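Visitor: I am new to this structure and would like to go through it by question and answer. Please show it to me before we begin.

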Amino acid sequence: MAEPRRADPDTAPPRAAAASASAACVVGGAVAVTVAVVAGPGPGLTGYVSEAGVTDSAYAPAYRIGVFALAVGLLLLAAALPPVLRAAAVLLGCGSVFALVSGAVTCSAGCPLPPFERATTADLVHGAASILAVAAVVLAMLATTFTRAAPSALRRLAAVALAVALPLAGATAVAMLVVGRGGLVAVLERLLLLVAVLWGTATATAVALGRQARTPG
């Protein structure tokens, strides 16, 4: 009698379940934030995404729920990643914490940030947490791409996302320091967030479906 096949630890049911839940949270969170940004009274494509969460907005609860869902999605993705991607998992865990802080601390109207605007303590905390959350996700892409023992499918997804996210992240940082709040920063920020959401969803889906070819050796 043939021996029963052992479950691959990279595609074991708990990891697959966490990955499925992660994909659902990331997609659901992104939809909630998008609704708040599009339907809310914010400045549209001339302001930050975070302006949808200002307390005076009727869509602020939807925005915060969306951010919290994204934070949970990052944490679940960290738990779902294969053990060889420990560095990426730690970065995603940090990103989840920063996202929670970003959702819990609301910025003031316009979400002002230096060097062009006077910011309150809450503005600085919210802004720093938001930036660090996105940075942690981009660094997780980097860690996944350069972990040679990682499943090849996950490395490919991370490499493609990183190739787009790094230039966007750099351009966003420069624009915030040189130009300040406006249409350029708004578009760059939204594109960077879109890449992060797509990568998180695709990676979680790949883990959930077990479509992870191992790297040789």
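What follows is a short exchange about the inside and the surface of this model.

Guide: This is a predicted model, in which local features need pLDDT of at least 70, side-chain atom pairs count only at pLDDT 80 or more, and totals for chains, interfaces and linings use all residues. Residues are numbered from 1 along each chain as its sequence is written, and side-chain values use heavy atoms, with hydrogens and water left out.

Visitor: Which helix supplies the largest share of the largest nonpolar core?

Guide: A nonpolar core is a set of buried (under 20% relative accessible area, 1.4 Å probe, protein chains only) Ala, Val, Leu, Ile, Met, Phe, Trp, Tyr and Cys residues joined through side-chain atoms within 4.5 Å. The largest one has 40 residues, and L81, L92, V137, M141 and W199 have the most contacts inside it. Helices α1, α2, α3, α4, α5 and α6 (DSSP runs of H or I, at least four residues, numbered from the N terminus) each supply at least two residues of this core. The largest share, nine residues, comes from α6.

Visitor: Which side chain of opposite charge is nearest to D123, and how far away is it?

Guide: D123 lies in helix α4. D123 is buried and has no salt bridge, that is, no side-chain nitrogen of Lys or Arg within 4 Å of a carboxyl oxygen of Asp or Glu. The nearest side chain of opposite charge is R118, at 9.5 Å.

Visitor: Is V187 buried or partly exposed?

Guide: V187 is found in helix α6, residues 183–209. Its relative accessible area is 38%, so V187 is partly exposed.

Notes. Buried < 20%, exposed > 50% of the residue type's maximum accessible area, 1.4 Å probe, protein only. Lys, Arg positive; Asp, Glu negative; His and termini not counted.
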